[in-house]
Amino acid sequence: MFDILSTMLLMGAPQEGAGGGSMISMLIMFGGVILVMYFLMIRPQQKRQKEHQKMLEGVKKGDKVVTTAGIHGTVTEVSEKTFVLQMADNVKVTFEKSAIASKN
């Protein structure tokens, strides 16, 4: 690990006569890597979070949902931060809205 790190540092160090050309190219490369990570990892996650939030706002009484724990049921009551899920006859449980994984 140390050898790889020291090699990368030495490659990026400006050399006599060459100026800082290799340092600039290394900075451009790091910038490119950061852009690729943003478009492949961060942006899709933000998009999924927005879609999930929109789905949570649309949950209403009578919707069939699945919780993050894998519990299937029908929404019987909805409040600002919680909902009541009926799983069977006379079996109702209160969950946080964020516990909804999907809506069927």
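A residue counts as partly exposed when its relative accessible area falls between the limits for buried, under 20%, and exposed, over 50%. On that scale F39, at 47%, is partly exposed. The model discussed here is a predicted one, and F39 offers a convenient way into its aromatic residues.

Two aromatic pairs are present in the structure. In one of them, the ring centres of Y38 and F39 lie 5.1 Å apart with the planes at 80°, so this pair is edge-to-face. Y38, like its partner, is partly exposed, and its relative accessible area is 32%. The other pair is formed by F83 and F95, and it is stacked, with 5.8 Å from centre to centre and 20° between the planes. F83 belongs to strand β3 and F95 to strand β4, so the stacked pair ties together parts that are 12 residues apart in sequence. Both of these phenylalanines are buried.

The strands that carry F83 and F95 are part of a wider arrangement. Five strands make up an open sheet in the order β4-β3-β2-β1-β5, with antiparallel pairing. Since β4 and β5 (100–103) each have a single partner strand, they stand at the edges, and one side of each is therefore left without a neighbour in the sheet. With direction ignored, neighbouring strands of the sheet are turned by 45° against each other on average.

It is pleasant to follow the sheet from one edge to the other. Strand β4 (residues 91–96) pairs with strand β3 (residues 82–88) in the antiparallel sense over six bridges, and V93 in β4 is the bridge partner of L85. These two strands form a hairpin with two residues between them. N90 lies in the loop between β3 and β4 and has a phi near 60°, a positive value in a residue other than glycine. N90 is also exposed, with a relative accessible area of 79%.

On the next step, β3 and β2 run antiparallel and are joined by four bridges. Here V78 stands opposite F83 in β3, and the hairpin that joins β2 to β3 passes through three residues. Strand β2 (residues 72–78) in turn pairs with strand β1 (residues 64–67) over three bridges, again in the antiparallel sense, with K64 opposite T74 in β2. The hairpin of β1 and β2 has four residues between the strands, and within this hairpin G70 takes a positive phi near 90°. Finally, β1 and β5 pair in the antiparallel sense over three bridges, where I100 in β5 is the bridge partner of T67.

The side chains complete the picture. The largest nonpolar core has 10 residues in all: M55, L56, V59, V65, V75, F83, L85, F95, A99 and I100. Helix α2 (21–57) and strand β3 each supply at least two residues of this core. In soluble globular proteins, nonpolar side chains tend to be buried together. Both members of the stacked pair, F83 and F95, belong to the core. Leaving aside residues up to four places away in sequence, the contacts of F83 include V65, V75, F95 and I100, along with T67, E77, V78, V93, T94, E96 and K97. F83 thus appears in several parts of this account: in the stacked pair with F95, opposite V78 across the β2 and β3 pairing, and among the residues of the largest nonpolar core.

Conventions: Residues numbered from 1 in each chain as written. Predicted model: local features only at pLDDT ≥ 70, side-chain atom pairs only at ≥ 80, totals over all residues. Heavy atoms only, no water. Pairing = 2+ DSSP bridges. Phe/Tyr/Trp six-rings, centres within 6.5 Å; stacked < 30°, edge-to-face > 60°. Buried < 20%, exposed > 50% of the residue type's maximum accessible area, 1.4 Å probe, protein only. Core = buried A, V, L, I, M, F, W, Y, C linked by side-chain atoms within 4.5 Å. Contact = heavy atoms within 4.5 Å. Axes fitted to C-alpha atoms, helices over the stretch in contact; angles between N-to-C directions.
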